[in-house]
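Got the viewer up? Load the model and keep the selection box handy.

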Amino acid sequence: MNQRELQDRCEAYQVDKIMQIQAWGEQAHEGSFVLLGDSLINRFDEHLLDINKEVINCGIDGATSQTLYLVLDSVIRMKPDKIIFLIGTNDLDDAHEFDCLDITFALYNMISSISRQLPAVKIGIMTPLPIDESRQKTRARNNRTLKMLGNEMMALKDELNHVEVLDLFALFSDAQGSLIDEMTTDGLHLNAQGYERLANRLNEWLVSF
């Protein structure tokens, strides 16, 4: 897909990163570990991961589940050993009309496509984090819906092979079920302390994954 076609199908600020992912997909990166998702992935410092593999950060700011379809073929061509998804939060805003089942179905389809072409690949899903609702402008995105989406994603483990699920909603929830204030910059994105917490849990998870 060329730059003009991308401009018709995604936001202008996403084009450069999508083209970069497409370029990475022009050659195999066998044995690599791909992180695939939205801005929470894109802003993650992959050097925090304690793994002896090439880590390819395919996070895209503002990405929805539909955005990931634009890079899925490129990710498959990389031939990684592991792919970790973190997606869904941006689907739940006033600009989109996706519900939890739409998002989960899209994720199911992407994982099924990957598994057909890379049957040995291991796939992980990280559930969406909670938010601080008092600091958000959108009505469609709320913690009740985000938790429900996470539950739908966790159910995919029983339906798909090679899939593991990490519950980030629980990891980042305070006593009221909101995003822990000390972990965030704006009630949605993580700060350095939040990313350290994410990296520590991800490193623990990857030992057995």
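Here is a short walk through a helix pair, a residue beside it and some ring contacts.

Before you click, note that this is a predicted model, where local features need pLDDT of at least 70, side-chain atom pairs count only at pLDDT 80 or more, and totals for chains, interfaces and linings use all residues. Residues are numbered from 1 along each chain as its sequence is written, and side-chain values use heavy atoms, with hydrogens and water left out.

**Stop one: α4 and α5.** Select residues 65-78 and 100-117; these helices (DSSP runs of H or I, at least four residues, numbered from the N terminus) have axes that come within 11 Å and cross at roughly 5°. The axes are lines fitted to C-alpha atoms over the stretch in contact, with angles from 0 to 180 degrees between N-to-C directions. So α4 and α5 are roughly parallel (under 35 degrees). Show side chains: in α4, L68, L72 and I76 are among those meeting α5 residues including I103, M110 and I114 (contact is heavy atoms within 4.5 Å).

**Stop two: T104.** Stay in α5 and pick T104. This residue is buried, at 7% relative accessible area (buried means under 20%, 1.4 Å probe, protein chains only). Leaving out residues up to four places away in sequence, T104 touches L149, E152, M153 and L156.

**Stop three: F44 and Y195.** Which rings make the one aromatic pair in the whole structure? F44 and Y195, with centres 5.9 Å apart and planes at 50°, so the pair is tilted (centres within 6.5 Å; planes neither under 30 nor over 60 degrees apart). Both F44 and Y195 are buried.

Methods. Helix = DSSP H or I, 4+ residues; strand = E, 2+ residues; numbered from the N terminus. Parallel < 35°, antiparallel > 145°, perpendicular 65-115°, else oblique. Phe/Tyr/Trp six-rings, centres within 6.5 Å; stacked < 30°, edge-to-face > 60°. Buried < 20%, exposed > 50% of the residue type's maximum accessible area, 1.4 Å probe, protein only.
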